[in-house]
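This report introduces a structure to a reader who has not met it before. Please have the sequence and the model in view while reading.

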Amino acid sequence: MPALACVDAAATPPPGYAFARHPSSLLAPEAFSGGAPPAANAASPIFDSVSCRWSTELSAELYKIDGWGTPYFSINASGNISVRPHGSETLPHQEIDLMKVVKKASGGKSAGGLGLQLPLIVRFPEVLRNRLHSLQAAFDSAIKSYGYDSHYQGVYPVKCNQDRFLVEDIVEFGSPFSFGLEAGSKPELLLAMNSLTKGSPEALLICNGYKDEEYVSLALTARRLDLKTVIVLEQEEELDTVVEVSRALGIRPVIGLRAKLRTKHSGHFGSTSGEKGKFGLNTMQILSVARKLEKMDMLDCLQLLHFHIGSQIPSTALLADGVGEAAQIYCELSRLGANMQVIDVGGGLGIDYDGSRSGGSDMSVGYSLDEYAAAVVRSIMKACDRKYVRHPVICSESGRALVSHHSILVFEAVSSAPSDYAPHNLELAHLMEELGDECRTHYRNLMAAAVHGDWDTFSASADKLKRQCIEMFKDGSLNLEHLAAVDGVCELVAKSMGVSDPVRTYHINLSVFKSVPDFWAIGQLFPVLPIHHLDRRPAVNGVLSDLTCDSDGKMDTFIGGKSSLPLHEIGGGGGYYLGMFLGGAYQEALGGLHNLFGGPSVVRVSQIDGPHSFAVTRAVPGPSCADVLRAMQHEPELMFEALKRRAEDCAAAGGDALACGLARAFHSMPYLVCAGGEAHVDVADCVLVANSDDDDSAPSRYGSTDGLSSMLSSACSDEEWDLFTA
Ligand SMILES: *Cc1c(COP(=O)(O)O)cnc(C)c1O
């Protein structure tokens, strides 16, 4: 077997990835001295010494980080993902090494870590602030350069991510420019109202979604609380509810209309738009609402026009088309006597998941923040100027674009498939001898093809050999050792040809259903890549298979349309960590409890000036087994009591130890405890359990008076740290 030139290149390059295309300028110049530059075609299975070199630049190119990650993510000299919390204004000493954060979060408490189990969401509030400031700056600058005669005042649609701290951050960071919130349901309205009490008094509170009396009355209460609340009518009938409730409460409403535009966006998210869209009022209904309001002497209440073309709007051409149509409706409402003040262009500001900067799919958009803002301002201005209508305040409900970048989901790959079963040479010869004539012929062909480096003939023969063997196995003439020997030989020979396992399955300590639901549901792709070892050549192409007992629980499509992901060999201890990026919007609330895998642990990480450049300002363990059981109406406290009694009955002496193990199981997260992590039930918890068994009274259902309840609830209570430096 040919010895391979270097360890890192023990396999072919992942097909279709950038090895074939890397610009030669990215390689260290001395690599070329005296030799030809690397071949432009990387199909050759074995590398020469030049292409064995690897660099972080090649990893950046391979995973397209510059495309989707700029200006927040890059690779540092150690080969780890580096987070630039202030975007392009981040100074070198302010960059945060993501691996250091993961080590801090998941390391044992005795070693100064926080003892959190993976998977882990790492939130960067400064990235969020940078996104918010960039959005505001984009509109401010478009407004200035066009001489637009009003201002931009956005709202954050909380449905994108209702996390309390994220919403509070947005309200705080946006307070200087009166950034507000948008709600689409009663609980969202409640949280938005509460958050905005700490915000700018001018911030808007936009109430979308279908409404009943209760919703409307809550929205009117918000007005009474001096929050700048606008009730947006999604349907004509909602007007009657609004008028009735506002009369009953004696609170005059500010009303907006959601227009159903004819302009239609054809991507996945476009089903909300167009004449047959799910939401909004058509022209007849808009006119009817205006007439009704006029009759009731309430036209002054109608102040806002809203529309939402759909998420991830692909191009500024489509955007300008939709905004132009809406601006005409705005002008018409003005002409009909409404007291129009605000045009709310909805959400849909897209982000570039695959780094391709094209508007050809839902994965990418062909414009920047600045171009988006310019298109909106220009279209509104054009329509209003033609009709001599005063320029309205421009509001947008950009969700995805604001929060996608701020968090990273970190998870471990725990094993990859190849087995280390290797039959002994003698044994192998013996087993092959027993296969029968037909199989031996395939075997000989296969070996001959290998000697000539003829991969196609090799794989065809291997295929025939394996098929013949499985038939013989099924009728009982071969045993398991024969099958294993054949598989082993094929793999070994393939490896010696430099073409091992075209695609290998990596098991990941994650639930796709919980943490990447849009991948499962609508095929949304997110950048996924190792967050360390990026200074090493990835030697394997992998697909990711999750923990759930479900064939859908896998990731086998990746950005750029690839069906596998270049990965490194797992091994050498310490764990192999992958990150999913740009998942800050929608994924957390959409995720389900399939197989009862709950949410990840969460840390909030701020940039600080100091040797380690970051501080963990908040750390919350993910839901425990007890928590996810509770979500399905099980009662962990009672379950534990019953199991503990059983343990005592069954093992009088060892009962306490069994009970302690049971307590630990309820206490811990449903995910695997892997290399980097540790199970973190303190000995004190077990003592608590052991001591509480003399309490014969029925445990209270909700109370935390007995030791068990408090033990179980302490596992899910938020643990907060006031600035934990690395
Ligand atoms: C979902 C939604 C948004 C947010 O859309 P993004 O594409 O995330 O910006 C805004 N407004 C309405 C009415 C929505 O339904």
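The following paragraphs treat a ligand shell, a sheet, an annotated residue and a helix in turn.

The model is predicted. Around the ligand there are 16 residues, of which Ser311, Gly347, Glu397, Gly399 and Arg400 come nearest. By character, the shell consists of five nonpolar, eight polar and three charged residues.

An open sheet is formed by three strands in the order 1-2-3, and their pairing is antiparallel. Strands 1 and 3 are the edge strands, each pairing on one side only. Three bridges join strand 1 to strand 2, and Ile75 stands opposite Ile81 of strand 2. In general, the strands of a sheet pair through backbone hydrogen bonds. The residue ranges are listed below.

| Strand | Residues |
|---|---|
| Strand 1 | 73–75 |
| Strand 2 | 81–83 |
| Strand 3 | 96–97 |

An unreviewed UniProt entry lists Cys549 under "active site". Cys549 lies in the loop that runs between strand 16 (540–545) and strand 17 (554–555). Is this residue buried or exposed? Cys549 counts as exposed because it has 8 C-beta neighbours inside 10 Å, and the cut-off for exposed is 12 or fewer.

Helix 22 comprises the 13 residues 655–667. At 1.5 Å a residue, helix 22 should span 18 Å, and its end C-alpha atoms are indeed 18 Å apart, so the two values agree. Its buried residues are Ala659, Cys660, Ala663, Phe666 and His667. These residues cover an arc of only 120° around the axis, and therefore lie on the same side of helix 22. An α-helix has 3.6 residues a turn, so residues three or four places apart point the same way.

Terms used. Residues are numbered from 1 along each chain as its sequence is written. This is a predicted model: local features need pLDDT of at least 70, side-chain atom pairs count only at pLDDT 80 or more; totals for chains, interfaces and linings use all residues. A residue is near a molecule or strand if its C-beta atom, placed from the backbone, lies within 6 Å of it. Ala, Val, Leu, Ile, Met, Phe, Trp, Tyr, Cys and Pro count as nonpolar, Asp, Glu, Lys and Arg as charged, and the others, Gly among them, as polar. Two strands pair if DSSP finds at least two bridges between them. Helices (H or I, at least four residues) and strands (E, at least two) are DSSP runs, numbered from the N terminus. UniProt positions are given in the numbering used here, feature names are shortened, and annotations may be inferred rather than shown by experiment. A residue is buried if 20 or more other C-beta atoms lie within 10 Å of its own, exposed if 12 or fewer, and partly exposed in between; C-beta atoms are placed from the backbone. The expected span of a helix is 1.5 Å times one less than its number of residues. The arc is that of the directions from the helix axis to the C-beta atoms.
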